[in-house]
Amino acid sequence: MADNIARVFADAIAPDPARPLLTWYDDATGERTELSGATLANWVAKTANLLVDEAALAPGDTAAVLLPPHWQTAAVLLGCWSAKLTVAEAPGDVDVLFAAAGRADEAGDWPAGERYALALDPFALPLREVPAGFADFVSAVRAHGDHFTPYPEGGEDDAALLDRAEARAAELCLTPGDRLLVDVTRHPDPVDWLLAPLTAGATLVACANPDPARLDARTATEKVTRALT
């Protein structure tokens, strides 16, 4: 069983860093964003560097991630795991908090030393108005380095998360080279839409608010081999 999420992510990219690793759709807004493994790795590295260099966090510190499934959420989660942070599941004191701008009012349940708000803009534009008490994630993260060397051992929760992800990948019959379409509105758990395909060496088409009328065309266009809808 794998026990290091950062290493699993690196292994998933290694065969072809230029291939589309995560393609994001939101049929409610018409968004589509495609990230290669190399591009997503760049965002992940910047996020990890932000956590270590700017927020001065250390392995074992905690993060709250109040974000819906999204390609930027993937970067935040993988950045946290690369820096060996524990992503908290229940409200309480944490060392850093990431929140969608529309959920900033929930921050009171998560006292945090550092707070970053995300617009979740399809073009990764910064917020026009940053909520009080927050820094804008996109503006902050762009200043950090494109490379981060993950810790040799995984974080406290890595083994348990990857165990769940490997079991889910087996349920979905995922194999290396598969392309998994996930309805993230119905399956918001990152084990489903992020970690399971990574552990299997599969790539991902994540779709929020999917339009059933577009399913067949999208499956063909994106060369989907498996679906979780």
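Below are four short exercises on helix packing and sheet layout in this predicted model, each with a worked solution.

Residue numbers start from 1 along each chain as its sequence is written. Local features need pLDDT of at least 70, side-chain atom pairs count only at pLDDT 80 or more, totals for chains, interfaces and linings use all residues, and side-chain values use heavy atoms, with hydrogens and water left out.

**Exercise 1. Describe how α3 packs against α6.**

Step 1. Find the elements: α3 covers residues 71-82 and α6 covers residues 190-200. Helices here are DSSP runs of H or I with at least four residues, strands are runs of E with at least two, and both are numbered from the N terminus.

Step 2. Take the geometry. The two axes come within 12 Å and cross at roughly 65°; axes are lines fitted to C-alpha atoms, for helices over the stretch in contact, and angles run from 0 to 180 degrees between N-to-C directions. That makes α3 roughly perpendicular to α6 (under 35 degrees is roughly parallel, over 145 roughly antiparallel, 65 to 115 roughly perpendicular, and the rest oblique).

Step 3. Add the hand: the crossing is right-handed, meaning that the near helix is turned clockwise from the far one by less than a right angle, while anticlockwise would be left-handed.

Step 4. List the contact (heavy atoms within 4.5 Å). From α3 come Thr73, Ala74, Leu77, Leu78 and Trp81, and they meet Pro190, Trp193, Leu194, Leu195 and Leu198 of α6. These residues divide into nine nonpolar, one polar and no charged; Ala, Val, Leu, Ile, Met, Phe, Trp, Tyr, Cys and Pro count as nonpolar, Asp, Glu, Lys and Arg as charged, and the others, Gly among them, as polar.

**Exercise 2. Now do the same for α2 and α3.**

Step 1. Helix α2 spans residues 37-54, and its axis lies 8 Å from that of α3, at an angle of about 50°. That makes α2 oblique to α3.

Step 2. The crossing is again a right-handed one.

Step 3. On the α2 side the contact uses Leu40, Trp43, Val44, Thr47, Ala48 and Leu51, while α3 offers Trp71, Ala75, Val76, Leu78, Gly79, Cys80 and Ser82. The tally is ten nonpolar, three polar and no charged.

**Exercise 3. Work out the mixed sheet and the place of β8 in it.**

Step 1. Write the order: β2-β1-β9-β8-β10, an open sheet of five strands with mixed pairing. β2 (31-36) and β10 (226-228) each have a single partner strand, so one side of each is left without a neighbour in the sheet.

Step 2. Follow β9 (203-208). This strand pairs with β8 (179-183) in the parallel sense over five bridges, where two strands pair if DSSP finds at least two bridges between them. Asp183 has Cys207 as its bridge partner. Five bridges also join β9 to β1 (20-26), again parallel, and Thr23 stands opposite Val205.

Step 3. Check burial. In β8, five of five residues are buried (under 20% relative accessible area with a 1.4 Å probe, protein chains only; over 50% is exposed, in between partly exposed). One side carries Arg179, Leu181 and Asp183, and the other Leu180 and Val182.

**Exercise 4. Place α3 on the parallel sheet.**

Step 1. The strand order is β4-β3-β5-β6-β7, with parallel pairing.

Step 2. Inside this sheet, six bridges join β5 (94-100) to β6 (112-118), with Leu97 partnered by Arg115.

Step 3. Lay α3 across β3 (62-66), β4, β5 and β6, running at about 170° to β3.
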